[in-house]
Protein chains: 2
Amino acid sequence: MNVFAFILKYLRKTKFMAAVILAALIFRCIAERGQIYAMSQVIGYLPKYTEDHAVLAQIVLFIGLLAAMLLLDAAAAYVWRYTAGKFTPYFCSLVYKDIFVQVHHHSIRFFNEEMAGKIASKTKNIVSGIKEIYGQIVFGVIRPLGGLIITMILICSADFELGFIIFLLNIMYLLIMVYIRKRIGSFAEKRARFGAETDGVFIDTVTNSDLVKSFANYFYEKKHFYNVLRTAVKAEQTERTKDAWFDFEGKICFAATYLASCLAVFYYWYLQKISFADVVMATSLLNGIMFDVINIGFFVSEFSQSYGQVKDG
Amino acid sequence: MNVFAFILKYLRKTKFMAAVILAALIFRCIAERGQIYAMSQVIGYLPKYTEDHAVLAQIVLFIGLLAAMLLLDAAAAYVWRYTAGKFTPYFCSLVYKDIFVQVHHHSIRFFNEEMAGKIASKTKNIVSGIKEIYGQIVFGVIRPLGGLIITMILICSADFELGFIIFLLNIMYLLIMVYIRKRIGSFAEKRARFGAETDGVFIDTVTNSDLVKSFANYFYEKKHFYNVLRTAVKAEQTERTKDAWFDFEGKICFAATYLASCLAVFYYWYLQKISFADVVMATSLLNGIMFDVINIGFFVSEFSQSYGQVKDG
């Protein structure tokens, strides 16, 4: 069964709440970038103030805008979290109920053998998979994409060419980040497998400890446990040190993209194509864009996992 | 047994790695704040450049500093993550081994009855509790405290009085955040309890589905499951909507503290006590301080939980 069709079926029953959540998230994106915009305008006007005191009205205006944006952010965040707090548990309960009815429509024979445990764990996977997909759509798509679009509008309104250059730099950064993230998967899998094995051996020796003691097997069991534990420790160490290296590569790319973007901004200011306030705005926005790009990269590399979880269930 | 003494005992065996981690974390704090400092100096010198082209050397110098700080951050992050990737699994394995030996020193009779399951789950709690404490010490103490101290040094070096005012504002903010966070606990507990109950009922009806069918109990069971599910949904909704409200309160406090700090910075610039570059630096650092304060607040309200987990185990 197609996962999107499955989710859409339930979304139709809850479309009002879903629309409120989407609207609140968009307002948050606007409010967050609006804060940076207002603040950069204040900073940008300050040097002018030393020459021309009439600018004070402008500064006060932008401080007011900053306060309004902070309030809008708080209000939109409240509406979002409140509605999501009502929405996701209700949405999951709809799915849970349908699964209950579907499962119990099967014949008695269907439940015999070890099916029961499988059904229970699959159901759990579907419900938690849906919550994960919700989180990924919110934090991996709506927020970073909304943020990226608003940032691009702000920078392009200062200078279109500069906006385009920064956009291209970030697309390159995104592609590199997705490539870097993809390589970690197999190590994480190994770590999880060996970790589970260690816990299993420990539990076994405890539950069968009378056997371990009675047959003087203690030293053998101890050696066995230590061996399994060592393999698990090595697998976790390998995963985490590899992860550290990929993170280092990512940070170097971040530094290169950030510096190149900053230099582009300074160069356009030097050409007198953008004002000083725009320089403050663009450089303040740069960090934000790059985190949006990182989040989209995360989404690309993690969505397939949750999708598989719901589909298999 | 005292948890700190317990952890210290193992720390003594791994003190070299622990020292490397601490040093790398401190370098990261310096590099992160150094980036903001370098960037603010560049922005601060730009308006001067229009009058005096000799300032270019200074601007290039600070861009170089920015690049160096970005590199230092990447390198320190790598050293930290690499060492922590070797350290935490090894540290946990030392604890795991000692528990294994201790458990098996008990007499056979000790293991009979339901002790085995309890020992296994307690051991799991201790090991995962230690990892949590490590995370909390890193993200709740070392990083925010290090960041706060470096930020305060930077702002105080611009103007001591201003630094003191911002420090006081943030202490107030911290106290309010801790107070707000404390109220969410009981709701989270309720949600977890009802959620587990729902899963339990679902699994019961599946495993005993032959009974459910044979005795025509299906409608009774369905009603029962729906009721339990409704209670769980309500508990989760209550927790999350309350959480949304506390978050709103927190955001309003954030806005008030942030605006008050910004106004203080502008006022000190107006009094000509700080330079324009200092204004850019202080306002850029403000967001960072407040997130450090939030993280310390999280630590205060969550540490007791992990501490209890290791102590009970």
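**Exercise 1. A cluster of rings**

Which residues do ring pairs link into a cluster together with Tyr78(A)?

*Solution.* The model is a predicted one, and its coordinates are taken here as they stand. Ring pairs link Tyr78(A) with Tyr82(A), Trp245(B) and Phe248(B), so that the cluster draws on residues of chain A and of chain B. Over all chains, the structure holds 31 aromatic pairs.

**Exercise 2. Classifying two ring pairs**

Determine how the rings of Phe87(A) and Tyr134(A) are arranged, and then treat the rings of Phe87(B) and Phe91(B) in the same manner.

*Solution.* Step one is to recall that a pair of aromatic rings is described by the distance of the centres and the angle of the planes. Step two is to apply the cut-offs: planes under 30 degrees apart count as stacked, over 60 as edge-to-face, and the rest as tilted. For Phe87(A) and Tyr134(A) the centres are 6.4 Å apart and the planes stand at 50°, so this pair is tilted. Because Phe87(A) belongs to helix 3 (residues 56-104) of chain A and Tyr134(A) to helix 5 (residues 115-158) of chain A, the pair ties together parts that are 47 residues apart in sequence. Both Phe87(A) and Tyr134(A) are buried.

Step three turns to chain B, where the ring centres of Phe87(B) and Phe91(B) are 5.5 Å apart with their planes at 40°, so that this pair, too, is tilted. Phe87(B) and Phe91(B) are four residues apart in helix 3 of chain B, which means that about one helical turn separates them. Phe87(B) and Phe91(B) are both buried.

**Exercise 3. The length and the bend of helix 3**

What span should the 49 residues of helix 3 of chain A have at 1.5 Å a residue, and what is the distance between its end C-alpha atoms?

*Solution.* The expected span is 1.5 Å times one less than the number of residues, which for the 49 residues of helix 3 of chain A comes to 72 Å; the end C-alpha atoms are 71 Å apart, in agreement with that value. In chain B, helix 3 (residues 56-104) likewise has 49 residues and reaches 71 Å from its first C-alpha to its last, close to the expected 72 Å. The helix is nevertheless kinked in chain A, by about 25° centred on Ala84(A), and helix 3 of chain B bends by about 25° at Ala84(B).

**Exercise 4. How the two chains are related**

By what turn and what shift can chain A be laid on chain B?

*Solution.* A turn of 180° with a shift of 0.0 Å along the axis lays chain A on chain B, and the RMSD is 0.0 Å. That is the relation of a two-fold axis. In chain A, the C-alpha nearest this axis belongs to Pro47(A), at 3.6 Å from it. As 100% of the interface residues of chain A are also interface residues in chain B, the copies meet through the same surface.

**Exercise 5. The surroundings of two buried polar residues**

Describe where Asn170(B) lies and what it touches, and then do the same for Ser261(A).

*Solution.* Asn170(B) is placed in helix 6 (residues 160-182) of chain B, and its relative accessible area of 4% makes it buried. Apart from neighbours within four places in sequence, Asn170(B) is in contact with Thr257(B), Ile289(B), Met290(B) and Val293(B). A polar atom of the Asn170(B) side chain lies 2.9 Å from the backbone oxygen of Ile166(B).

Ser261(A) is part of helix 9 (residues 218-270) of chain A, and with a relative accessible area of 0% it is buried. When residues up to four places away in sequence are not counted, Ser261(A) touches Ile166(A), Leu169(A) and Leu286(A).

**Exercise 6. A positive phi**

Is Gln272(A) buried or exposed, and where in chain A is it found?

*Solution.* Gln272(A) counts as exposed, with a relative accessibility of 70%, and its place is the loop between helix 9 and helix 10 (276-312) of chain A. Most residues other than glycine have a negative phi. The phi of Gln272(A), however, is positive and near 60°. In chain B, Gln272(B) also has a positive phi, of about 60°, although it is not a glycine. Gln272(B) lies in the loop between helix 9 (218-270) and helix 10 (276-312) of chain B, and at 69% relative accessibility it counts as exposed.

Definitions and conventions:
Residues numbered from 1 in each chain as written. Chains lettered and ligands numbered in written order. Predicted model: local features only at pLDDT ≥ 70, side-chain atom pairs only at ≥ 80, totals over all residues. Heavy atoms only, no water. Least-squares fit on C-alpha atoms with pLDDT ≥ 70 in both. Contact = heavy atoms within 4.5 Å. Helix = DSSP H or I, 4+ residues; strand = E, 2+ residues; numbered from the N terminus. Buried < 20%, exposed > 50% of the residue type's maximum accessible area, 1.4 Å probe, protein only. Polar contact = N/O pair within 3.5 Å; in protein donor to acceptor, adjacent residues only side chain to side chain. Bend = angle between axes of the 7 residues up to and from the residue. Phe/Tyr/Trp six-rings, centres within 6.5 Å; stacked < 30°, edge-to-face > 60°.
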